[in-house]
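Here are my notes on the model, point by point. Please read them alongside the coordinates.

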Amino acid sequence: METLLAKDIEKSVKHGQKISGAEAVILSLLCEGVETVFGYPGGAIMPIYDALFQYQEELQHILVRHEQGAIHAAQGFARVSGKVGVCMATSGPGATNLITGIADAKIDSTPLVCITGQVASHLLGTDAFQETDVIGISMPVTKWNYQVTCVEEIAEVIAKAFYIAHSGRPGPVLIDITKDAQFAEAEFKYKKCESIRSYHPVPKINHDHIKQAIDLIHQAERPYMLIGQGITLSGAEKEVKAFVEKSGIPVASTLLGLSAFPPDHDLYVGYLGMHGNYGPNVLTNKCDLLIAAGMRFDDRVTGNLQTYARQAKVLHIEIDPAEIDKNVKTNVAINADAKEALALLTEKVNKRSFPDWLAEFRKCNKLETEKVINRHIYPDQGELKMGEVIHLISEKTKGEAIVVTDVGQHQMATSRYYKFRSNKSNVTSGGLGTMGFALPAAFGAKIGAPEREVIAIIGDGGFQMTLQELGSIFQYKVPVKIVVLNNNFLGMVRQWQQLFFEKRYSSTEMVNPNFTTIVSGYDIPAKKVANREEIGQAIDDMLAHQGPYFMEVMVEKEENVFPMVPSGACVTEIRLE
């Protein structure tokens with residue numbers, strides 16, 4: 001793809017020359033450095049697709065098979081590239097099919113610009129064919145949205161959209177453009193947005209709060225640090241590592257924080273949350289200082305808020321002021337970018353170590369290893385387990401692959417047993433928990449990071465929600481690897497039914513089609529594995545293949561993921577079996 005500079009694009013339009021609003025959209029995207037757009041055409045956005053036709057060399061368009069596929073692909077692209085993901089859809093059902101992905105991106109802080117077509121402005125409010133109030137529908141789940149009815153607004157609105165999407169706490173932005181604005185003509189001038197009055201995405205750091213935080217840290221005898229995706233979004237991986245090594249504080253990761261810290265580091269104590277490691281959960285209620293950086297105290301981390309870390313003082317480093325004191329009350333809050341705040345804390349903190357405190361985590365880890373981990377990754381009999389498949393993939397990729405997961409038991413097994421050794425490697429739907437996320441997000445991730453191995457790990461339920469996106473993988477020959485862990489159940493729901501609903505398996509058992517036959521119809525090599533003797537070689541064959549590849553693994557039908565903190569329970573009520 002040929003990348004054009006904004007000044008070159010403007011020069012290509014003669015002075016005083018008028019261009020259509022549709023072409024202004026394309027040129028605006030090029031001015032922002034966009035090289036790939038995911039989308040699906042339709043009547044109300046057809047002028048933009050017509051304008052795109054003459055810019056196919058400069059702007060790659062990936063035709064998905066469903067608009068939900070477009071936005072999840074844009075999410076995967078954004079998560080691994082660090083760029084703003086872009087997707088397009090038509091009005092009505094096209095626009096509403098984006099909403100799930102927009103909500104997913106909002107809660108997981110993924111920067112997106114979504115462009116939708118709309119009926120002509122004189123038809124707004126008349127219930128015209130494929131008219132939907134997408135602005136009203138999307139308002140609760142976007143960082144900002146705007147409806148363009150005048151061609152002169154297009155360039156300025158798109159510039160503003162990109163600035164809002166990627167600045168501060170990132171998120172999705174939606175621009176709805178009426179059809180007449182796409183057809184109308186105006187002179188094209190583009191100026192990147194660098195500020196907006198009353199919008200301050202990066203708070204000015206309060207140095208008094210830094211001093212108060214240092215005092216808290218120096219007083220602590222059992223400090224404990226939790227890191228989330230905010231570390232990755234701010235590019236603070238080096239800063240958090242430097243802080244932890246100087247302060248000597250044990251550190252654990254949330255689901256979306258995985259891959260932000262080396263898993264084999266002496267001070268890394270594991271993954272926390274509902275299906276996280278034993279020590280990181282139970283010792284939350286023994287620490288005397290809880291330091292949270294770039295995370296929002298989601299209920300899957302805290303469990304019962306009434307019993308969560310009541311004995312501890314809390315230091316919260318967070319860029320979004322709305323998240324501070326929302327769930328967990330703080331003693332000191334640093335409302336700032338994590339990278340800047342951690343650099344200042346590292347400069348001022350004393351070098352310490354906490355061997356006795358760290359030993360408590362090691363003791364918990366030993367117990368979990370004996371009761372849970374070894375049974376799941378080194379079983380000596382019975383059916384294949386999810387944990388052993390994930391562990392093998394982790395070993396054979398040396399923890400260097402980008403792993404994209406869907407939602408369910410396989411997601412939790414992956415977060416537990418894949419050792420993420422490179423940053424921006426863990427792509428999953430965290431806050432919304434969107435089944436169907438993984439397949440389109442994986443091919444979006446591969447386009448965003450073509451030099452890296454990308455593996456989608458999906459359950460049999462989630463795979464069937466968006467398997468039509470195999471068509472996009474086939475058409476564009478995206479060399480993504482797809483692993484479906486098939487237990488013929490909606491596994492996570494079944495686990496809850498077993499544990500909390502007396503094994504009443506209501507509407508969770510699945511009669512699945514022949515997945516390898518379906519995948520083969522898209523000319524993608526497909527293999528089914530059902531026994532332990534074959535799995536190692538099958539993974540090797542998958543990784544060695546140069547193009548897209550599909551592997552179905554039959555796993556234990558009623559396997560449960562442990563440890564588990566029951567919903568709404570205290571973190572110390574975590575179950576090992």
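1. Disulfides. The structure holds zero disulfides. C31 is in none, and the nearest cysteine sulfur, that of C193, is 14 Å away. Keep in mind that this is a predicted model.

2. C31 and its setting. Is C31 buried or exposed? C31 is buried, at a relative accessible area of 5%.

3. C150. Why is C150 without a bond to C193? The closest cysteine sulfur to that of C150 is in C193, and the 18 Å between them is too far for a bond. The cut-off for a disulfide is 2.5 Å between sulfur atoms. C150 is partly exposed, with a relative accessible area of 30%.

4. T346. Helix α15, residues 338-348, holds T346. T346 counts as buried because its relative accessibility is 14%, and the limit for that class is under 20%. Beyond its neighbours within four places in sequence, T346 is in contact with E239, A242, F243 and K246. A89 is a different matter: T346 and A89 lie 257 residues apart in sequence, and their C-alpha atoms are 46 Å apart in space.

5. F243. The contact with T346 also appears in the list for F243. Leaving out residues up to four places away in sequence, F243 touches I217, M225, G248, I249, I291, L342, L345, T346 and V349.

6. The largest nonpolar core. Which residues touch the most other members of this core? They are Y224, M225, F243, L290, I334, L342 and M551, out of 101 residues. Helix α16, residues 355-377, supplies the largest share, seven residues. A second core, separate from this one, has 51 residues, including A73, F77, V404 and I524. Two of the highly connected members, M225 and L342, are also among the residues that F243 touches.

7. Cavities. How many cavities of 30 Å³ or more does a search of the whole structure find? The search finds one. The space in the largest cavity is about 40 Å³.

8. The cavity lining. H376, G387, A413, R416, Y417, E559, N560, V561 and F562 line the largest cavity. Helix α18, residues 409-417, gives the most to this lining, with three residues. By class, four lining residues are nonpolar, three are polar and two are charged.

Methods. Residues are numbered from 1 along each chain as its sequence is written. This is a predicted model: local features need pLDDT of at least 70, side-chain atom pairs count only at pLDDT 80 or more; totals for chains, interfaces and linings use all residues. Side-chain values use heavy atoms; hydrogens and water are left out. Buried means under 20% relative accessible area, exposed over 50%, partly exposed in between (1.4 Å probe, protein chains only). Helices (H or I, at least four residues) and strands (E, at least two) are DSSP runs, numbered from the N terminus. Contact means heavy atoms within 4.5 Å. A nonpolar core is a set of buried Ala, Val, Leu, Ile, Met, Phe, Trp, Tyr and Cys residues joined through side-chain atoms within 4.5 Å. On a 1 Å grid over the protein atoms alone, a cavity is a set of points where a 1.4 Å probe fits but cannot get out, and a pocket is an open set with protein on both sides within 12 Å along at least five of seven lines; lining residues have an atom within 4 Å of a point. Grid points are joined across faces, edges and corners, and a volume is the space filled by probe spheres set on the points. Ala, Val, Leu, Ile, Met, Phe, Trp, Tyr, Cys and Pro count as nonpolar, Asp, Glu, Lys and Arg as charged, and the others, Gly among them, as polar.
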